[in-house]
Amino acid sequence: MDDLLIRYFETLEEISSDRRWFQSVTALRFAALHLTVGDTRVGPGEIADMSSALLRPLDRIDPLRAFAVPMAGLAGALDRSPALAAEALGHAIARFASASRRLGRTDRARAVPILAFAPIVVKPENSVERVQDIHQAWNTRHRWMTTGRHYSFASMAVVAGLDGDESANAAAAVHDLLGDAGYWHEWDASILLSFSPEGPFDASSRYLAAVSGFTEGSRKPSPAARDDLAVVSLANGDPTKAGEKLAEYNRKLLSSAPRPSRQTALALSAALVLAGGSRPDGWQRVIVDGFGLYAYAEALREEAPD
């Protein structure tokens, strides 16, 4: 087990030390991800204080309430005080409330945490409109495959400074290249791969190499692993080794107790592999934290039994 994964398990153990039976292990797992990536140590009391502060701008039925613990982990990793974190969250919510095109609360919950806390400097004043424009650009290319889930990706794209049409064109090109390779309808993976500054051909080639490492070249991966493979293929270095490390991390996480769901284990593994294969201040960092928040939203849908 390498140092990054050891640090992840130590962080999770530390912030979970006074967990009550009714508190979600899944939420703490994703909070531990952000803290590990940020190389930040906090105690369970600090996570509780941050979570409480982040709940204050929210009403009792806001779906963002379910994101309080992972957001607390990310805000803690950025060394935000509870007051400043709550202010950032409230500001992001206010931007969505004042937009000319309103998002539903569930879609907004996907987008707000990334815009509020992702550690990249590109956060234009028209960020909400840009989220909607990028999502619409993707929707124009593949209307039946672009859903509310992709507002997470759209916020990641805005924070990373991507242009909507360029991203959509790159995603469509990757989608065609993956289809030619026998991976049909991989729109989620194609959008993630469009973040690569090297272009569609390099991104799709690296994806296929990561698949080979993950499966040891013997088979296609299950659909559940394909977003995660797209994420690790964005890491610096050999994509085949990144795929191998995804498989290794996933095995270690699935052998831990309490056992996470396969979807959660894969997502955490992918984010950690990308974090270990990129610079802390590089463009991949927004993918690490953004994908963690996206995967947590997916875990909420999945109703993971832990």
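F30, F67 and Y296 come together as one aromatic cluster. This is a predicted model, and a search of it turns up six aromatic pairs along with 14 salt bridges. Two of the helices, helix 4 and helix 8, are largely enclosed by the rest of the structure, since nine of the 10 residues are buried in helix 4 and nine of the nine in helix 8. Here's the rundown, topic by topic.

**Aromatics**

- Of the six aromatic pairs in the structure, one is F67 with Y296, an edge-to-face arrangement with 5.4 Å centre to centre and 80° between the planes. That pair links distant parts of the chain: F67 sits in the loop between helix 3 (44-55) and helix 4 (68-77), Y296 sits in helix 15, and the two positions lie 229 residues apart in sequence.
- Both partners, F67 and Y296, are buried.
- There's also a charge over a ring: the charged end of K220 sits over Y183, 5.1 Å from the ring centre.

**The enclosed helices**

- Helix 8 covers residues 151-159, and with nine of nine residues buried it ends up largely enclosed. The buried set is Y151, S152, F153, A154, S155, M156, A157, V158 and V159.
- The cover over those helix 8 residues includes helix 6 (105-117), helix 7 (127-141), helix 10 (187-193) and helix 15 (284-302).
- Just past the end of helix 8, G161 has a positive phi of about 80°.
- In helix 4, the buried residues are A68, P70, M71, A72, G73, L74, A75, G76 and A77. They pack against helix 2 (25-37), helix 3, helix 5, helix 6 and helix 15.
- A86 belongs to helix 5 (residues 82-97) and counts as buried because its relative accessibility is 16%, under the 20% cut-off.
- Leaving out residues up to four places away in sequence, A86 touches A53, L54 and P57. Its C-alpha is 7.4 Å from that of R56, which is 30 residues away along the chain.

**Salt bridges**

- Among the 14 salt bridges, R149 and E298 meet with an N to O distance of 3.2 Å. R149 is in the loop between helix 7 and helix 8 while E298 is in helix 15, so this bridge ties together parts that are 149 residues apart in sequence.
- E298 is buried, at 13% relative accessible area.
- The wider picture here is a salt-bridge network that links R110, R149, D188, E298 and R301.
- D165 and R141 form another bridge, at 4.0 Å from N to O. This one also joins distant parts of the chain, with D165 in helix 9 (residues 164-180) and R141 in helix 7, 24 residues apart.
- Both ends of that bridge are partly exposed: D165 has a relative accessible area of 48%, and R141 comes in at 28%.
- D281 and R279 bridge at 3.0 Å, N to O, and both of these residues are exposed.

**A buried arginine with no salt bridge**

- R206, in helix 11 (residues 200-215), is buried yet has no salt bridge. D202 is the nearest side chain of opposite charge, at 4.5 Å, whereas a salt bridge needs nitrogen and oxygen within 4 Å.
- What R206 does have is a backbone partner: the oxygen of G237 lies 2.9 Å from a polar atom of the R206 side chain.
- Setting aside neighbours within four places in sequence, R206 is in contact with S233, A235, N236, G237 and P239.

**Backbone geometry to check in your setup**

- The peptide bond from A257 to P258 is cis, with omega near -5°. P258 sits in the loop between helix 13 (239-254) and helix 14 (262-276).
- D39 has a phi near 55°, a positive value for a residue other than glycine. It's in the loop between helix 2 and helix 3, and D39 is exposed, with a relative accessible area of 56%.
- D79 is not a glycine either, but has a positive phi of about 60°. It comes just after helix 4, in the loop between helix 4 and helix 5, and D79 is exposed at 70% relative accessible area.

How values were computed:
Residues are numbered from 1 along each chain as its sequence is written. Side-chain values use heavy atoms; hydrogens and water are left out. Buried means under 20% relative accessible area, exposed over 50%, partly exposed in between (1.4 Å probe, protein chains only). Helices (H or I, at least four residues) and strands (E, at least two) are DSSP runs, numbered from the N terminus. Contact means heavy atoms within 4.5 Å. Rings of Phe, Tyr and Trp (its six-membered ring) pair if their centres lie within 6.5 Å; planes under 30 degrees apart count as stacked, over 60 as edge-to-face and the rest as tilted. A charge sits over a ring if NZ of Lys or CZ of Arg is within 6 Å of the ring centre and within 35 degrees of the ring normal. Lys and Arg count as positive and Asp and Glu as negative; His and the chain ends are not counted. A polar contact is a pair of N or O atoms within 3.5 Å; within protein, one must be able to donate a hydrogen and the other to accept it, and residues adjacent in sequence count only if both atoms are side-chain atoms.
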